[in-house]
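Let's take a walk through this one together. Have the sequence and the 3D view open as you read.

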Protein chains: 2
Amino acid sequence: MDNQAAAATPAPSTAQRILDAAEDLFAEKGYSATSLGDVADRVGIRSPSLYNHFKNKEALYEAVLERLLTEFSAPLSELDSGPVTRERVFYWLETIVRQHHANPNLARLLQHAALSGGPHTNALIDRLFSPMFRPATQIEGAENTLIESSGLQPWAVMAFNNLVMSYVTMAPMYRDLLGQDPFSDEALDNQLNLIKTLLRAVFEYKGDIAPGVPPSGE
Amino acid sequence: MDNQAAAATPAPSTAQRILDAAEDLFAEKGYSATSLGDVADRVGIRSPSLYNHFKNKEALYEAVLERLLTEFSAPLSELDSGPVTRERVFYWLETIVRQHHANPNLARLLQHAALSGGPHTNALIDRLFSPMFRPATQIEGAENTLIESSGLQPWAVMAFNNLVMSYVTMAPMYRDLLGQDPFSDEALDNQLNLIKTLLRAVFEYKGDIAPGVPPSGE
DNA sequence: GTAATTGACTAACAATCGTTAGTATAACGC
DNA sequence: GCGTTATACTAACGATTGTTAGTCAATTAC
């Protein structure tokens, strides 16, 4: 009768179940469009009972955010030290892609925050993005690539990050457009393939910086 | 006294001013987080007066969407016919970038719709994205590039589109991160430079498809 | 000039929101 | 066993929401 298998994943506490429900709803609808009644309904309790676990809606949101940020920053913390080789950049990108596939909610929450430009944005920026822009960051052996030598590096870093995150935030649209589950293993492979190919192209491209193309027709 | 200069841009009607205000607010906060009171305040009227111009909130939203879609589809309609050359792909990308810089609201509205996966999404998809995936679309002279030959083409098309749109939807974050106005002329040049460089790298890259990088550290 | 239409307004509604107060029940400490 | 704590509940609040009804001044039609 004792469920040792379930002991590995013990029955989640009410607070955790509230966090789970709130995370999904905040990520889908955003802060103000998510009602505490919706959260409570998903948990199977009444909305005033939420106040036994969180001070108010704002505190619940911040708890959701905190849990997501620690979840996402953990696997990447090991990259903080040591030289930044090309291989580590690839590994870093692949890790991020897999993380966002495993849990799309952080990207969605971040996108909501960025759109509304609310006060939540700053905390997100500091925790997630600022580490990407440490001044000493330069990729070994990439001194003369198009990105490094053209002053576009921070833009390029953001671009690749956006590539990963927008895939997640646009996922419902991908589903309708391409007719397949954007979170399937096959889709994950496709995205990894594409994004690594783009990164390789950037690293190995030896041509000039885009000189501009005459906008007139043929 | 007659203002001939103003005749070129005649005083906008109340309906237009409502559309302008609603467009900004829907794009910033999303549908349900935007109240008709906010819209009315921006126009300088009371919220019930909105009903003299639009049937209800939903109709106002759809009118905003309709105006944006026609505004954005017009400059690109000329690309519907004729062969798809590389130069035309560059021109198409540059046009899209410039459009979204001139008015970021469509991208933001689209991002809100995609996140919430609401019923508005389908109309947006059909009008904006489906033309990108006409079956006969193949880029002249690109038969053997990495994108064309690897079955990644629709993914790549979406990736480049996401690159453009996520720049806009993440603009507030760019402002705080990079410390400059993401919609300045200089920033526009930077983004155009980066995105064209990426596209050139994709077109001219002759290496293999990403073979995967051993994820183990050094 | 008068009638009709437009478009603003105020007042008010039902619903929903976040939140508080007060109560009851089950579990836990000693 | 008993008091304490934790956590669920119902009832109710003030505020805000989208929306309707009805009024009134200004513009337009003839």
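How many nonpolar, polar and charged residues does the surface near DNA strand D have? By class there are 5 nonpolar, 8 polar and 2 charged residues. Here Ala, Val, Leu, Ile, Met, Phe, Trp, Tyr, Cys and Pro count as nonpolar, Asp, Glu, Lys and Arg as charged, and the others, Gly among them, as polar.

Before going further, some ground rules. This is a predicted model, where local features need pLDDT of at least 70 and side-chain atom pairs count only at pLDDT 80 or more, while totals for chains, interfaces and linings use all residues. Residues are numbered from 1 along each chain as its sequence is written, chains are lettered from A and ligands numbered from 1 in the order in which they are written, and side-chain values use heavy atoms, with hydrogens and water left out.

Back to the DNA. Strand D is surrounded by 15 residues, and the closest are Arg46(A), Ser49(A), Asn52(A), His53(A) and Tyr51(B); near means that a heavy atom of the residue lies within 4 Å of the strand. Of the strand D atoms that come within 4 Å of the protein, sugar and phosphate make up 68%. Phosphate oxygens of strand D sit 2.8 Å from a polar backbone atom of Arg46(A) and 2.8 Å from a side-chain N or O atom of Tyr51(B). For a side-chain N or O atom of Ser35(B), the distance to a phosphate oxygen is 3.5 Å.

Now for the two protein chains. Chain B can be laid on chain A by a turn of 180 degrees with a shift of 0.0 Å along the axis, giving an RMSD of 0.0 Å (a least-squares fit on the C-alpha atoms of residues with pLDDT of at least 70 in both). The two copies are therefore related as by a two-fold rotation axis. Both use the same surface: 100% of the contact residues of chain B recur in chain A.

That contact (heavy atoms within 4.5 Å) takes 64 residues from chain A and 64 residues from chain B. The buried area is about 6200 Å², with 72% given by carbon and sulfur atoms; this is the accessible area (1.4 Å probe) that the two parts lose on being put together, summed over both. Leu115(B), Trp155(B) and Met173(B) supply 13% of what chain B buries against chain A, more than any other three residues. Chain B's side of the contact divides into 38 nonpolar, 15 polar and 11 charged residues.

Terms used:
A polar contact is a pair of N or O atoms within 3.5 Å; within protein, one must be able to donate a hydrogen and the other to accept it, and residues adjacent in sequence count only if both atoms are side-chain atoms.
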